[in-house]
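User: Please take a close look at the salt bridges in this model. I would like to know what they connect and how exposed the partners are.

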Amino acid sequence: MSRAGLTEEVSGRAFGLALAAISVGALFLRCWGLEQQPLTQDDAVVAISAVNYVELGHLGPTMWNHPNLRNLLVYLSLWRFGDGVWALKGVSVVLGSLAVPLLALAAARLLGSRLAAVLAAGFLALDPLHLDLSRQAVHEVYMMPFSLAGLLCVLEYRRS
């Protein structure tokens, strides 16, 4: 099959359906068994740091140089949803899952190939390290969706 044939196969509606299926799969993998996963020491420290930062204006006990957006988002989640596992790790689950379709959109724009974009999204959806970080309260997974969203905004600005 020629390159043009592959591009035609993954176009329009097929791209949207494939991306939706991969995104739902990514969310499922990040949520599956989360309640049974024990909290790590890092998870507990994130909750304390979020409360200290918002209610007391203090940094810590996590390192002072960690981004405080995590503290704000985790505090908001804890305030809204209580003190359970979902409230503590929910922001990471959502942002980790959101990175998957954002990567596909960025790859499609940059590479001009919807097939490559679907493959990139599929690889990220299944990546063990990204999966693990998306299931923790730590901030490491936050950078990717915000960076990809920024990149997409720049690409759209340049296009227009």
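Analyst: The salt bridges come next, followed by a helix packing and a surface patch.

This is a predicted model, in which local features need pLDDT of at least 70 and side-chain atom pairs count only at pLDDT 80 or more, while totals for chains, interfaces and linings use all residues. Residues are numbered from 1 along each chain as its sequence is written, and side-chain values use heavy atoms, with hydrogens and water left out.

Side chains of opposite charge can pair when their charged atoms come close. A salt bridge here is a side-chain nitrogen of Lys or Arg within 4 Å of a carboxyl oxygen of Asp or Glu. By this rule there are three salt bridges.

One of them joins Lys89 and Asp43, with N to O at 3.3 Å. This pair links distant parts of the chain, since Lys89 is in helix H5 (residues 85-111) and Asp43 is in helix H3, 46 residues apart. Helices are DSSP runs of H or I with at least four residues, and they are numbered from the N terminus. Lys89 counts as buried because its relative accessibility is 0%; Asp43 is buried too, with a relative accessible area of 0%. Buried means under 20% relative accessible area, exposed over 50%, and partly exposed in between (1.4 Å probe, protein chains only).

Glu156 and Arg109 form another salt bridge, their closest N and O atoms being 3.5 Å apart. That pair also links distant parts of the chain: Glu156 lies in helix H8 (residues 143-159) and Arg109 in helix H5, 47 residues apart. Glu156 is partly exposed at 31% relative accessible area, and Arg109 is partly exposed at 37%.

Glu156 also meets Arg159 in a salt bridge of 2.5 Å, N to O. Both residues lie in helix H8, three residues apart, about one turn of the helix. Arg159 is exposed, with a relative accessible area of 58%. Through shared partners, salt bridges join Arg109, Glu156 and Arg159 into one network.

Helix H3, which holds Asp43, spans residues 41-56 and packs on H4 at an angle of about 95°, with the axes 8 Å apart. Axes are lines fitted to C-alpha atoms over the stretch in contact, and angles run from 0 to 180 degrees between N-to-C directions. H3 is therefore roughly perpendicular to H4, a term for angles of 65 to 115 degrees. The contact (heavy atoms within 4.5 Å) includes Val54 of H3 and Leu72 of H4.

Leu72, in helix H4 (residues 68-81), is partly exposed at 43% relative accessibility.

Key. Helix = DSSP H or I, 4+ residues; strand = E, 2+ residues; numbered from the N terminus. Parallel < 35°, antiparallel > 145°, perpendicular 65-115°, else oblique.
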